[in-house]
Structure formats: structure tokens, C-alpha cells
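Okay everyone, thanks for coming. I'd like to walk you through one protein today, so pull up the structure and follow along with me.

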Amino acid sequence: MIDRYTLPEMGRVWSDQHKYDLWCRVETLVLEAHAAAGRVPADVVEPVRNAPPPTPERVAEIEETTQHDVIAFLTAWADNTEPRSAAAYVHHGMTSSDLLDTALAVQLTDATDVLLAKADRLVVALRDHGLAHRDTIKVGRTHGVHAEPDVWGHRVADLAFAMARSRDRLRRARAAVGVVAISGAVGTYSLIDPSVEVAVAEALDLRAADASTQVVLRDGISEWVSALGIIATVCEAIALEVRHGQRTEVRELSEAFGAGQKGSSAMPHKKNPIRSERIAGLARVVRAAIVPVMEGIPLWHERDISHSSTERVFLPDAAITTDYLLDLTAGLVENLVVDADRMRANLESTGGLIYTSSVLLELVEGGMSREQSYALVQSAAMRTWSDGTPFRQTLRERATEDGVTLDEARLDEICRPEQYVANLGPLFDRLAALS
């Protein structure tokens with residue numbers, strides 16, 4: 001991922017230097033387990049443990065010749081080992097994927113921990129924002145058309161629970177990718193004892209593979225990337241609310257606009273939802289990783305490396321982009337500008353059409369058939385749509401035409417937006433308990 005969208009902590013997780021640090025750690029743990037079992041000399045452990053990890057530049061230089069990244073790494077690290085002869089026991093009984101998949105499991109779990117902290121922040125931001133606007137009346141829309149009264153906090157609560165579920169889904173996926181496989185060529189433990197795999201897994205606080213073969217099956221990694229794709233898409237759903245709300249014709253929501261910020265190179269009046277649009281664009285990048293990574297599940301026999309090049313691109317990019325998205329979306333919510341007066345004005349802009357459902361039920365409960373009630377109310381509503389006459393007036397005129405007497409006092413009571421949201425208390429109790 002380009003530097004523009006890479007935050008420092010997540011960037012470090014996926015840096016080449018960190019990768020080689022992890023490779024050194026895994027190889028050292030294997031060596032320690034061998035030494036403890038008496039399979040290799042005990043005195044080789046300390047020199048290897050003390051050898052500084054090779055630089056990415058040195059590994060790349062050797063790989064130009066070897067055309068094999070693991071061998072290039074082992075050679076460069078051996079060059080840093082004193083005495084160099086101790087390095088002869090590094091990678092003992094292992095195959096490349098033992099190292100690669102185990103170190104990748106650490107990277108994926110480390111990346112997940114960064115993402116979970118960011119997701120926690122976003123859940124809290126949504127929860128607090130929703131609670132702050134539990135009484136902020138707005139119009140609810142279906143198909144983009146005014147429907148019935150609602151409160152802004154209700155919509156935010158839905159998004160808060162969605163993000164909490166997405167976070168919990170990622171937490172479960174963390175366990176799916178935290179898999180250690182140290183079993184040698186084709187995974188038969190022919191040259192390495194199964195106890196080594198168990199020891200390494202315990203040291204890394206991960207779990208040994210259920211069935212260790214040469215390559216860890218990619219269903220867990222596919223689950224992890226899919227979890228990131230869902231998180232990114234929930235972020236996009238939040239951003240879409242802001243983008244709709246910031247349209248000039250709506251003007252209920254807006255992103256924070258800082259001093260000195262510019263909206264357009266040509267039009268000085270512009271204040272555009274640039275953060276929300278960036279979220280929408282980057283969510284596509286994360287979703288794009290799902291299918292290519294999933295296609296790494298079917299490999300030829302015990303191993304091919306068709307998954308390797310795909311994952312070198314998509315796993316870091318998906319993690320780095322999701323990290324950036326969570327950070328950006330949390331900032332968007334924490335600084336979101338809500339125009340409650342404009343929400344109220346928009347709610348009232350259709351002349352009372354938003355109360356047709358309550359009027360319909362009131363007429364039915366007064367003894368009219370549903371068909372007759374619907375026809376009366378819809379006819380009055382269509383007149384309001386047509387010429388802008390307030391709904392109560394068209395309703396009154398239409399009722400008179402049908403010889404229906406309306407209870408005006410009762411209509412005053414039901415044609416209030418507050419009565420539409422009176423039953424949302426339990427929802428906000430659940431939201432308050434969200435963490």
C-alpha cells in the first residue's frame with residue numbers, strides 16, 4: 001500500500017525488516033526446541049539467538065542469485081552469526097513453508113490486534129454519538145423518499161451494532177489465522193519431531209495446525225480477509241450516510257471543515273465530503289482482496305506457491321487499508337456536524353405526509369375498512385404531493401367528500417413526530433451497554 005494510506009503501527013507490522021525479525025524468532029524457537037530435545041548441540045543456540053537479523057537490502061542482494069527468498073535470508077543471517085558454524089543447525093528439518101506460514105500467522109495476529117483496537121474506538125464513537133442524538137428528530141427515508149419520523153441516533157445505533165459485530169467477527173478470525181505448522185516437507189514430520197511444532201506454537205501463543213501439511217490450508221486466511229472486507233464495507237455504510245446527508249438539498253450532516261481547508265480548486269464555496277468519499281473508494285480495495293486470497297485454498301497436491309505472490313500483495317494491502325479506514329471513519333464520526341434544525345425542517349417539508357400511516361390506522365380503528373381508509377388517505381396525500389397543500393387540509397377536504405367525520409383533537413395527538421419514536425427506549429438501553 002502507498003505511504004498516503006499507511007499508518008505507522010500497521011506499516012511496521014508489514015515491513016520487510018519486521019518480517020525478517022519474525023523469521024529469526026521462529027527459526028530460533030525451532031532451534032531451541034531441537035536443543036532441548038538433544039537433537040542439536042546446545043551451544044549453538046546462543047550464537048544464533050544473538051545474531052542480528054539481516055537487512056532487507058542484504059537479503060535482496062543474495063536473492064538476486066538464489067531466486068529463493070528463504071535461502072537468501074538464511075545465508076544473510078548466517079553471515080551475521082558468530083561463529084558462523086552455529087548457523088548450520090538453523091532451519092533443521094524444516095521446509096520453507098514452515099517458516100513462512102508460521103511467521104505469517106504472527107503477522108496476521110499482530111495486525112489483527114491493531115485493527116481490533118481501532119474497531120473498539122469506532123464502536124465507542126458510534127455508541128456515544130448515537131446516544132447523544134437519541135432525541136434528534138429527523139425524517140426516516142425508504143427508497144430515498146420521506147417515510148416516517150425517526151431519530152438520528154436510531155440510524156447510528158444500527159451502524160454501531162454492525163461495527164461491533166464486525167469487530168467480533170474479526171476477533172474470531174484471529175483464531176483462524178493463528179496457526180503454526182512446523183512439520184517438514186509435505187508435513188509428515190519425517191525430519192522434525194511433532195513436539196517442536198507444539199513448543200513453537202506455545203511460545204508464540206498460537207495453536208498447532210490441526211493437520212499440518214507443507215502449506216497451511218488458506219480457509220482461515222480467507223475468513224480473515226473476508227472479515228476485513230465486511231469491516232471496510234460497514235465503514236462505507238457510515239460514510240454513505242454522511243455523503244447523503246451533506247448534499248445541498250439535504251444538508252443534515254457534514255464532515256468537519258477545518259480552518260484553511262479548501263473544497264475545490266475552482267469553486268471557493270465548496271465543502272465536499274472528501275473523507276467519506278475516500279472511505280467509499282478504499283473499501284473497494286479491501287473487498288477486492290477476498291476472491292484472490294480465497295483462490296489460494298485449492299493448491300496442487302501438498303504444495304504449490306500460486307498463493308504466495310497473491311498474498312504478498314493482498315494481505316498487507318487489506319490490513320493496511322482497513323487500519324486506515326477504521327482510523328478515518330472514527331475521526332469522521334467523532335467530528336461529525338449534525339444540523340438538528342435542518343433535520344426538523346426537512347421532516348416538515350412535505351406538509352405532513354409523513355403521518356399518513358398513523359392516520360390510516362386511526363381511521364381503521366375508528367371503524368372504517370382498511371381499503372376505504374387507504375383510499376381516502378392516499379387520495380388526500382396525492383393532492384398534497386401534487387400542489388403542496390398541507391396534508392391535514394387535503395385530508396379534511398377528502399373526508400368531507402366521503403362524509404367521514406375526523407377527530408381533529410386525536411389527529412393533533414397522532415401527527416407528532418415524537419409519538420413515532422416513543423418505543424425506542426430499549427434500543428438505546430442496548431446501545432448504552434455496547435462496548
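Let's begin with a quick one: is G184 buried or exposed? G184 is buried, because its relative accessibility is 1%, and the cut-off for buried is under 20%. Before I go on, please keep in mind that this is a predicted model. As for where to look, G184 sits in the loop that runs between β3 (179–180) and α8 (194–204). I also checked G184 against E82: the two are 102 residues apart along the chain, and their C-alpha atoms are separated by 27 Å.

E82 is worth a stop of its own. The peptide bond between E82 and P83 is cis, with omega at about -5°. If you want to find P83 on your screen, go to the loop between α5 and α6.

Stay in that loop for a moment, since H91 also lies between α5 and α6. H91 has a positive phi of about 70°, although H91 is not a glycine. Is H91 buried or exposed? H91 counts as buried, because its relative accessibility is 16% and the limit is under 20%.

Now go to the other end of α5. Q67 is in the loop between α4 (56–66) and α5. Q67 is another non-glycine with a positive phi, in this case about 55°. Q67 counts as exposed, because its relative accessibility is 63% and exposed means over 50%.

Next, the overall layout. The protein splits into domain 1 (1–92), domain 2 (96–344) and domain 3 (351–422). How far apart do the C-alpha centres of domain 1 and domain 3 lie? They are 76 Å apart. There is an annotation towards the end of the chain, too: an unreviewed UniProt entry puts "domain: Adenylosuccinate lyase C-terminal" on residues 351–432. In the model, residues 351–432 are 67% helix and 0% strand, and the end C-alpha atoms of that span are 35 Å apart.

On to the spaces, beginning with the largest pocket. Its volume is about 590 Å³. Of the 25 residues lining the pocket, K19, D69, L100, S308 and R312 are the closest to its centre. Which helices each supply at least two residues of that lining? They are α2 (16–36), α5 (69–79), α6 (96–132) and α12 (306–334). In terms of domains, at least three lining residues come from domain 1 and at least three from domain 2. The chemistry of the pocket lining is mixed, with nine nonpolar, eight polar and eight charged residues.

Then there's the enclosed space. How many cavities of 30 Å³ or more does the count come to? The count is one. The largest cavity has a volume of about 70 Å³. Its lining is made up of L126, H129, W152, V156, L159, I238, E241, V242, L332, V333 and L336. Two or more of the lining residues come from each of α6, α7 (152–177), α9 (219–245) and α12. By class, the cavity lining has nine nonpolar residues, one polar and one charged.

For the strand fans, here's a hairpin. β1, residues 137–142, pairs with β2, residues 145–151, in the antiparallel sense, over five bridges. To get your bearings, find R141 and look across to its bridge partner in β2, H146. Two residues separate the strands of this hairpin, and H143 in the turn has a positive phi of about 60°.

Last stop is R12, which lies in helix α1, residues 8–13. R12 is partly exposed, because its relative accessible area is 47% and that class lies between the 20% and 50% limits. How far apart in space are R12 and A111? From C-alpha to C-alpha the distance is 9.6 Å, with their positions 99 residues apart in sequence.

That's my tour. If you take one thing back to your desk, take the two linings: nine nonpolar, eight polar and eight charged residues around the largest pocket, and nine nonpolar, one polar and one charged around the largest cavity. Happy to rotate the view for anyone who wants another look.

Key
Residues numbered from 1 in each chain as written. Predicted model: local features only at pLDDT ≥ 70, side-chain atom pairs only at ≥ 80, totals over all residues. Heavy atoms only, no water. Domains from an automatic or database assignment. UniProt positions renumbered as here; feature names shortened; annotations may be inferred. Helix = DSSP H or I, 4+ residues; strand = E, 2+ residues; numbered from the N terminus. 1 Å grid on protein atoms, 1.4 Å probe; cavity = no way out; pocket = protein on both sides within 12 Å on 5 of 7 lines; lining within 4 Å. Points joined across faces, edges and corners; volume = space filled by probe spheres on them. Nonpolar A, V, L, I, M, F, W, Y, C, P; charged D, E, K, R; others polar. Pairing = 2+ DSSP bridges. Buried < 20%, exposed > 50% of the residue type's maximum accessible area, 1.4 Å probe, protein only.
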